[in-house]
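This report describes the fold of a single protein chain, beginning with one strand and moving outward to the whole. The sequence and the structure are shown below for reference.

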Amino acid sequence: MKARGSAPAWRLSLASVLGAAAICVVPSSAGAAERVNDGGFEASTCDASDCTDSAWESSATSAFANGTGPICRSGIGSGNTACNGQGSVPFGGSTWARLGAGFKATAMFDGGIISALEQTVSIPTAPASLSFRLRIIDAAVATGELTVTAGETTVFHAADTTPGFASYAPVTIDVSAMAGTSPLFRFEGFSSRLSVGPLDSFDIDDISLTTVDPSTAVGPQRKKCKKRKKHRSAESAKKKKCGKKKKR
Ligand SMILES: [Ca+2]
């Protein structure tokens with residue numbers, strides 16, 4: 001698994017895989033199928049204190065701390081649990097995931113927060129690419145970790161000090177090796193070891209897993225190629241015949 005914090009280079013590998021099939025391949029945008037349900041969290045239902053999303057299983061454990069999220073909508077919560085606390089914002093729309101976020105009100109027992117979002121995602125074919133936007137809010141004293149797993153496999157990991165995510169940046173992970181499976185994707189944020197004050201925060205939005213849908217990608221184009229091939233072989237046969245006649 002390769003995790004990149006840059007442009008979707010998977011398109012290159014997509015081109016190289018399909019390139020082997022022939023000249024008769026459709027443009028890369030055609031046939032891309034989204035496999036994540038509500039990756040931008042905009043279908044969530046929110047009240048004054050919490051958000052729930054039927055596409056995502058959410059969980060949070062906290063010890064002597066006030067948790068925030070894990071699904072956040074601008075304007076939800078107040079005081080130490082306000083979604084927009086520490087400058088947290090969505091990347092798109094009004095709703096996002098804020099993992100490991102909260103406020104520790106006591107110095108007892110070194111308590112912190114673990115919060116997570118889970119969704120089972122089907123990966124029918126390769127190439128397959130998981131992508132999302134990540135922003136890390138690094139609180140002064142706290143330590144934090146973000147771990148993304150697919151089944152038993154860790155596909156991405158970052159700490160509160162990981163550089164490059166002071167503002168939202170894209171993360172792209174090649175998950176082609178998981179084609180033919182439907183793993184449970186788990187996004188887990190952890191923040192702890194702070195005496196009193198705001199915890200670390202891992203803001204995530206626009207989670208996407210795309211594969212190439214074979215039903216729309218290559219079918220009609222292949223037919224065209226076959227026809228062209230037949231035409232070509234008829235032409236070359238004709239040329240051969242003509243050639244023979246000329247020789248005679
Ligand atoms: Ca969003």
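## An enclosed strand and its surroundings

Strand β8 is covered on both of its faces: Thr 95, Ala 97 and Leu 99 on one side, and Trp 96 and Arg 98 on the other, are all buried. In a regular strand, side chains point alternately to the two faces of the sheet. The strand, residues 95–99, is largely enclosed by the rest of the structure, because five of its five residues are buried. The model discussed here is a predicted one.

Two strands are joined to β8 by bridges. Strand β7, residues 71–73, pairs with β8 in the antiparallel sense over three bridges. Within this pairing, Cys 72 stands opposite Trp 96. Strand β17, residues 201–212, is also antiparallel to β8 and is joined to it by three bridges. Here Leu 99 of β8 faces Phe 202 of β17.

### Tryptophan 96

Why does Trp 96 count as buried? A residue is classed as buried when 20 or more other C-beta atoms lie within 10 Å of its own. Trp 96 has 29 C-beta neighbours inside 10 Å, and therefore counts as buried. Leaving aside residues up to four places away in sequence, Trp 96 touches Phe 41, Cys 72, Pro 90, Phe 91, Asp 203, Ile 204 and Asp 205. Cys 72, one of these contacts, is also the residue that stands opposite Trp 96 in the pairing of β7 with β8. Gly 69 lies 27 residues from Trp 96 along the chain, and the C-alpha atoms of the two are separated by 8.9 Å.

### The five-stranded sheet

Another part of the model is an open sheet of five strands, arranged in the order β5-β10-β15-β12-β13 with antiparallel pairing. Its edges are formed by β5 (57–62) and β13 (153–159), each of which pairs on one side only. From one strand to the next, the twist averages 10 degrees.

Strand β10, residues 113–120, runs antiparallel to β5 and is joined to it by six bridges. Eight bridges connect β10 with strand β15, residues 184–192, again in the antiparallel sense. Several opposite residues in these pairings are listed below.

| Residue | Residue opposite |
|---|---|
| Ala 60 | Ser 115 in β10 |
| Ser 62 | Ile 113 in β10 |
| Ser 115 | Gly 189 in β15 |

Ser 115 appears in two rows: it stands opposite Ala 60 and also opposite Gly 189 of β15.

### The protein as a whole

How many helices and strands does the protein have? Its secondary structure comes to three helices and 17 strands. Of its 248 residues, 36% count as buried. Among contacts with a separation of 6 or more, 80% are made by residues 24 or more positions apart.

### Confidence in the model

The mean pLDDT of the protein is 79, and 70% of its residues reach 70 or more. Where is confidence lowest, and where is it highest? The lowest value belongs to helix α1 (residues 10–19), with a mean of 35, and the highest to strand β14 (residues 169–174), at 98. Over residues 1–29 the pLDDT stays under 50, and the model has 43 contacts beyond four places in sequence for this stretch. Residues 219–248 also have a pLDDT below 50, and this stretch has seven contacts beyond near neighbours in sequence.

Methods:
Residues are numbered from 1 along each chain as its sequence is written. Two strands pair if DSSP finds at least two bridges between them. Helices (H or I, at least four residues) and strands (E, at least two) are DSSP runs, numbered from the N terminus. Axes are lines fitted to C-alpha atoms, for helices over the stretch in contact, and angles run from 0 to 180 degrees between N-to-C directions. A residue is buried if 20 or more other C-beta atoms lie within 10 Å of its own, exposed if 12 or fewer, and partly exposed in between; C-beta atoms are placed from the backbone. Two residues are in contact if their C-beta atoms, placed from the backbone, lie within 7 Å. pLDDT is the predictor's confidence in each residue, from 0 to 100.
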